[in-house]
Amino acid sequence: MESITLATRGSDLALTQTRMVASALQEAHPALVVDELVIKTSGDLRQDLKLSEFAQGENPVVDKGIFTKELEHALLEHRAHAAVHSLKDVPTLLEESFTIAAVLPRAPVADVALFKPGGPSSLSDLPPDAKVGTSSVRRQRFLHALHPHLDVVDVRGNVPTRIRKLLDLNFDAILLAGAGLARLYGEGCLETGRLDFDGRVIPLETLDPEVFLPAASQGAVAIEILSENEEAKSLCHGINHPPTFRQIMAERAFLDALSAGCDTPVGALSKIDADGRLHLKVAVFENNDSTTPLRAEGSCVEGGETELGQRLFHDLSA
């Protein structure tokens, strides 16, 4: 292939991640021409719906794939050769036509709380009924479990939009993925605990991922292709990051066994130690009334990632 077209959503973060993929491809294949195809997904178009509402109603919008289906259509119609996703948005069970050909090195996986300037700069210091915004069911449940005094409300939009809502609307804090902030504004904001945004300094707190478990695959950028496209597969394999691929295999295997959708409050955290052994922790809120998640953990050698994810599901189910 002399050129490759990458399908992407149009948000600042999606475009940043797509250009990271383009840069990696061109570094690995200097003569390759890389183009972008920007597409709006159903998740982008229906900002009026909470993420958990996409699977509800008489004619539900596709639950698993609200940020990916339209990009997959572009692959099937040969308008693009590959699609770039935040992997946490990608359904765990792909149709046979598609495969994840590569992932980039993972960004920091922890969630981050951003606070209105001039107020408290820790979730623990927020007063009773302080408003904390997030669209993630997982984050909502962890907030209720760890900080029951807070008023958790829904907020949607891309990263800059949600930050502006924090500044301009009646929010005391919002929760975001640290990976998105790091990619858009640099990892320095996570290291210093402050984000410079539109001339204002926003305090932030990185939440302990061992306690406030991140979403499975959070911080991972995935390149999806048609399974039959061997040329695109060969190009993408040249930029794959094997340690990240091992992590996401284990995390996604657990999600697959759980049959988790976007409204399932589940967290997963994996690490690879110096000996190459992968350690995985998972947490799931069993029902709407549970205030403490079920937890399980285990480890495996290379090659056992899928079995590990499945085993932890059975441990929780036992």
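Student: Where is the place of T8?
Tutor: Keep in mind that this is a predicted model. Strand 1 covers residues 3–8. The place of T8 is in strand 1.

Student: Is T8 buried or exposed?
Tutor: Look at the company T8 keeps: leaving aside its neighbours within four places in sequence, T8 is in contact with A14, L15, T18, L37, V38, I39, L71 and V84. The relative accessibility of T8 comes out at 0%. Buried means under 20%, so T8 counts as buried.

Student: OK, on to the largest nonpolar core. Which helix gives the most to this core?
Tutor: In soluble globular proteins, nonpolar side chains tend to be buried together. Here the largest nonpolar core holds 20 residues, and I4, L6, V21, L25, I223 and I239 touch the most other members. Strand 1, helix 1 (12–28), strand 3 (82–86), strand 4 (98–103), strand 11 (221–226) and helix 8 (230–237) each supply at least two residues of this core. The one that gives the most, with 4 residues, is helix 1.

Student: What does I223 touch, not counting residues up to four places away in sequence?
Tutor: I223 is one of the core residues that touch the most other members. With those sequence neighbours set aside, here's the full list for I223: V21, A82, A83, T99, I100, A101, A102, V103, L104, C236 and I239.

Student: Now the second largest pocket. Which element gives the most to its lining?
Tutor: About 360 Å³ of space lies in this pocket. It is lined by 15 residues, and T92, L94, I100, M249 and R252 lie nearest its centre. Strand 4, helix 9 (242–258) and helix 10 (305–317) each give two or more residues to the lining. The top giver, with 7 residues, is helix 9.

Student: How many residues of that lining are nonpolar?
Tutor: Sort the lining of the second largest pocket into three groups. The charged group has 2 residues and the polar group has 4. That leaves the nonpolar group, and its count is 9.

Student: Let's talk rings. Is the F142 and F285 pair stacked or edge-to-face?
Tutor: A search of the whole structure finds 3 aromatic pairs. For F142 and F285, the rings are 5.2 Å apart, centre to centre, with 80° between the planes. Planes over 60 degrees apart count as edge-to-face, so this pair is edge-to-face.

Student: How many residues apart are F142 and F285?
Tutor: This pair links distant parts of the chain. F142 sits in helix 4 (residues 137–146), while F285 is in the loop between strand 13 (278–284) and strand 14 (294–300). Along the chain, the separation of F142 and F285 is 143 residues.

Student: Which residues do ring pairs link into a cluster?
Tutor: Start with two that are tucked away: F142 is buried at 1% relative accessible area, and F285 counts as buried at 4%. Ring pairs bring in F212 as well, and the cluster is F142, F212 and F285.

Student: What is phi of H78 near?
Tutor: Most residues other than glycine have a negative phi. H78 lies in the loop between helix 3 (69–76) and strand 3, and H78 is exposed, with a relative accessible area of 62%. Its phi is positive, near 60°.

Student: And what is phi of D129 near?
Tutor: D129 is found in the loop between strand 5 (111–115) and strand 6 (131–133). Because its relative accessibility is 59%, D129 counts as exposed. D129 also has a positive phi in a residue other than glycine, near 70°.

Conventions. Residues numbered from 1 in each chain as written. Heavy atoms only, no water. Core = buried A, V, L, I, M, F, W, Y, C linked by side-chain atoms within 4.5 Å. Buried < 20%, exposed > 50% of the residue type's maximum accessible area, 1.4 Å probe, protein only. Contact = heavy atoms within 4.5 Å. 1 Å grid on protein atoms, 1.4 Å probe; cavity = no way out; pocket = protein on both sides within 12 Å on 5 of 7 lines; lining within 4 Å. Points joined across faces, edges and corners; volume = space filled by probe spheres on them. Nonpolar A, V, L, I, M, F, W, Y, C, P; charged D, E, K, R; others polar. Phe/Tyr/Trp six-rings, centres within 6.5 Å; stacked < 30°, edge-to-face > 60°.
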